[in-house]
Amino acid sequence: DSERTLVLIKPDAVRRGLVGEILGRLERKGLTLAAVTLRTMSADLADAHYAEHVQRPFYPPLKQFMTSGPLVAAVVAGDQAVAVVRTLVGATDGRAAAAGTIRGDLSLSNRENLVHASDSAASAQREIALWFPAG
Ligand code: CMP
């Protein structure tokens, strides 16, 4: 069944000129864009988006990175979109992510890993509401 998931193309990807490459991979898979915007994440939005990570030791540098410049937020739709996008994105650490995935092909970092993708349908619903409150 068709689902929606939230994708963030992170500031490292915007700085490296990889937005088209990443959106292109999602589109070529057959997924569609339901919404897309260029924004800089505020400190408050970072704390809300990453609520489950705010107490982790890696959170302060993650927040610094995620608020460091513009990112592209997108609602991506398609059959089993949550799981399909996670498969295309690959493992968190770009050094360990499988070749053929976005991170495996394009990232060497476990922080500057180019993309965020919702990890469940419940997360997707929560995150889409944070980033696209109007709809
Ligand atoms: P993301 O999918 O956005 O979800 C949480 C983010 O925290 C993750 O991608 C990485 O950018 C970052 N992250 C997760 N684990 C670590 C870690 N061990 N060290 C640094 N950053 C991490």
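## Ile-22 and the nonpolar core

In this predicted model, Ile-22 makes contacts beyond its sequence neighbours within four places with Ile-9, Ala-13, Ile-102, Leu-114 and Val-115. Ile-22 also belongs to the largest nonpolar core, which comprises 27 residues. Together with Val-7, Val-76, Val-85 and Val-115, Ile-22 is among the residues that touch the most other members of that core.

Both strands and helices supply this core with two or more residues each. The contributing strands are S1 (2–9), S3 (71–79) and S4, and the contributing helices are H2 (19–29), H5 (81–89) and H6 (102–106).

## Packing of H2 against H5

Two packed helices are described by the angle between their axes and the distance between the axes. For H2 and H5, the angle is about 130° and the axes are 11 Å apart. H2 is therefore oblique to H5, since an angle over 115 but not over 145 degrees falls outside the parallel, antiparallel and perpendicular ranges. The crossing of the two helices, H2 and H5, is right-handed.

On the H2 side, the residues that meet H5 are Arg-25, Leu-26 and Lys-29. Their counterparts in H5 are Val-84, Val-85 and Leu-88. Val-85 thus appears both at this helix pair and among the core residues that touch the most other members.

## The annotated active site

The UniProt record, an unreviewed entry, lists His-116 under "active site". His-116 is located in strand S4, which spans residues 115–117. His-116 counts as partly exposed because 19 C-beta neighbours lie inside 10 Å, whereas 20 or more would be needed for a buried residue.

Apart from neighbours within four places in sequence, His-116 contacts Val-7, Leu-8 and Lys-10. Of these partners, Val-7 is one of the core residues that touch the most other members, and Lys-10 carries a "binding site" annotation in the unreviewed UniProt entry.

## The annotated binding site

The same feature name, "binding site", is placed by the unreviewed UniProt entry at Lys-10, Phe-58, Arg-86, Thr-92, Arg-103 and Asn-113. Phe-58 sits in the loop that links helix H3 (43–49) and helix H4 (59–66). Phe-58 is exposed because its count of other C-beta atoms within 10 Å is 10, and the limit for an exposed residue is 12 or fewer.

Thr-92 occupies the loop between H5 and H6. Thr-92 counts as partly exposed, with 14 C-beta neighbours inside 10 Å. Setting aside neighbours within four places in sequence, Thr-92 is in contact with Asn-110 and Asn-113, and Asn-113 is itself listed under "binding site" in the UniProt entry.

How values were computed. Residues numbered from 1 in each chain as written. Predicted model: local features only at pLDDT ≥ 70, side-chain atom pairs only at ≥ 80, totals over all residues. UniProt positions renumbered as here; feature names shortened; annotations may be inferred. Helix = DSSP H or I, 4+ residues; strand = E, 2+ residues; numbered from the N terminus. Contact = placed C-beta atoms within 7 Å. Core = buried A, V, L, I, M, F, W, Y, C linked by C-beta atoms within 7 Å. Axes fitted to C-alpha atoms, helices over the stretch in contact; angles between N-to-C directions. Parallel < 35°, antiparallel > 145°, perpendicular 65-115°, else oblique. Left-handed = near helix turned anticlockwise from the far one by under 90°.
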